[in-house]
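I opened this entry to record what I looked up in the structure. I started with the overall make-up and then went on to the sheet and the helices around it.

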Amino acid sequence: MQSATVLHYDKQDWSGIGDREARPQRRPAAADRTDIDDIDRRLLWALIADGRASYASLASTAGLSQAAVRDRVIDLIESDVITIEAHPDAEAMGIGGFAGVAIKASGPVAPIIETMVGAAETTLVARTLGRFDITAEVWFDDYDHLAELLDRLRALPDTGTIDTIPYLRIAKEEFGPPQRL
């Protein structure tokens, strides 16, 4: 078993799936936000389970007024603690699928991350500790497109090994509260 620790998510953006011209922005580092309390955590778990939850339903979860919940949620968004996004289905978007990509760099990681953040095909880019220096999720039209994307990554200076995991089928994608097995 191998594990990795995420140091920073440099990109989390599913808005450009299927658009090779999309250039989503780098995700800013969360502000020095260390004051997350139990109420914020309850709001976060509720929003992770249902990003479309109303302020009224969140108010009952948090034990606050709707106005107070609205202020807290806006603060969490503005301080980059959370983003609220949709995760589309590959078939519905008319693309071939998604793949996980893990890169072990042979030199500085920052230039590789910058290039990956600017690539239209990346939906998630993270700096990690462990076997790999960078992990990412990419979308592709077909396997030729995936091969072309991997060749672009291999051509970057200081790119060492690349492991690619095309997703055959996404059996479960859930972001709710953790469940113990």
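**Notebook: fold and sheet**

I counted the elements first: the protein has 6 helices and 5 strands. I noted that the model is predicted. Read from the N terminus, I get the element order β-α-α-α-α-β-α-β-β-α-β.

Next I looked up the totals. The protein has 181 residues, and 36% of them are buried. I took the exposed area as about 11,000 Å², with 52% of it supplied by carbon and sulfur atoms. I then checked contacts between residues at least 6 apart in sequence: 69% of these join residues at least 24 apart.

How are the strands ordered in the sheet? I found an open sheet of 5 strands, ordered β1-β3-β4-β2-β5, with antiparallel pairing. Its edge strands are β1 (4-12) and β5 (159-166), each of which pairs on one side only. From one strand to the next, I list an average twist of 25°.

I looked at one pair in detail. Strand β2, residues 97-105, pairs with β5 in the antiparallel sense over 7 bridges. For Ala99, I found the bridge partner in β5 to be Pro166.

Which strands does helix α6 touch? I have α6, residues 143-154, packing on the sheet and touching β2, β4 and β5. The direction of α6 makes about 160° with that of β5.

Last, I looked up helix α5, residues 110-118. I have α5 lying across β1, β2, β3 (122-130), β4 (134-140) and β5. Helix α5 runs at about 160° to β3.

Notes:
Residues are numbered from 1 along each chain as its sequence is written. This is a predicted model: local features need pLDDT of at least 70, side-chain atom pairs count only at pLDDT 80 or more; totals for chains, interfaces and linings use all residues. Side-chain values use heavy atoms; hydrogens and water are left out. Helices (H or I, at least four residues) and strands (E, at least two) are DSSP runs, numbered from the N terminus. Buried means under 20% relative accessible area, exposed over 50%, partly exposed in between (1.4 Å probe, protein chains only). Contact means heavy atoms within 4.5 Å. Accessible areas come from the Shrake-Rupley method with a 1.4 Å probe; for residues, only the protein chains shown count as cover. Two strands pair if DSSP finds at least two bridges between them. Axes are lines fitted to C-alpha atoms, for helices over the stretch in contact, and angles run from 0 to 180 degrees between N-to-C directions.
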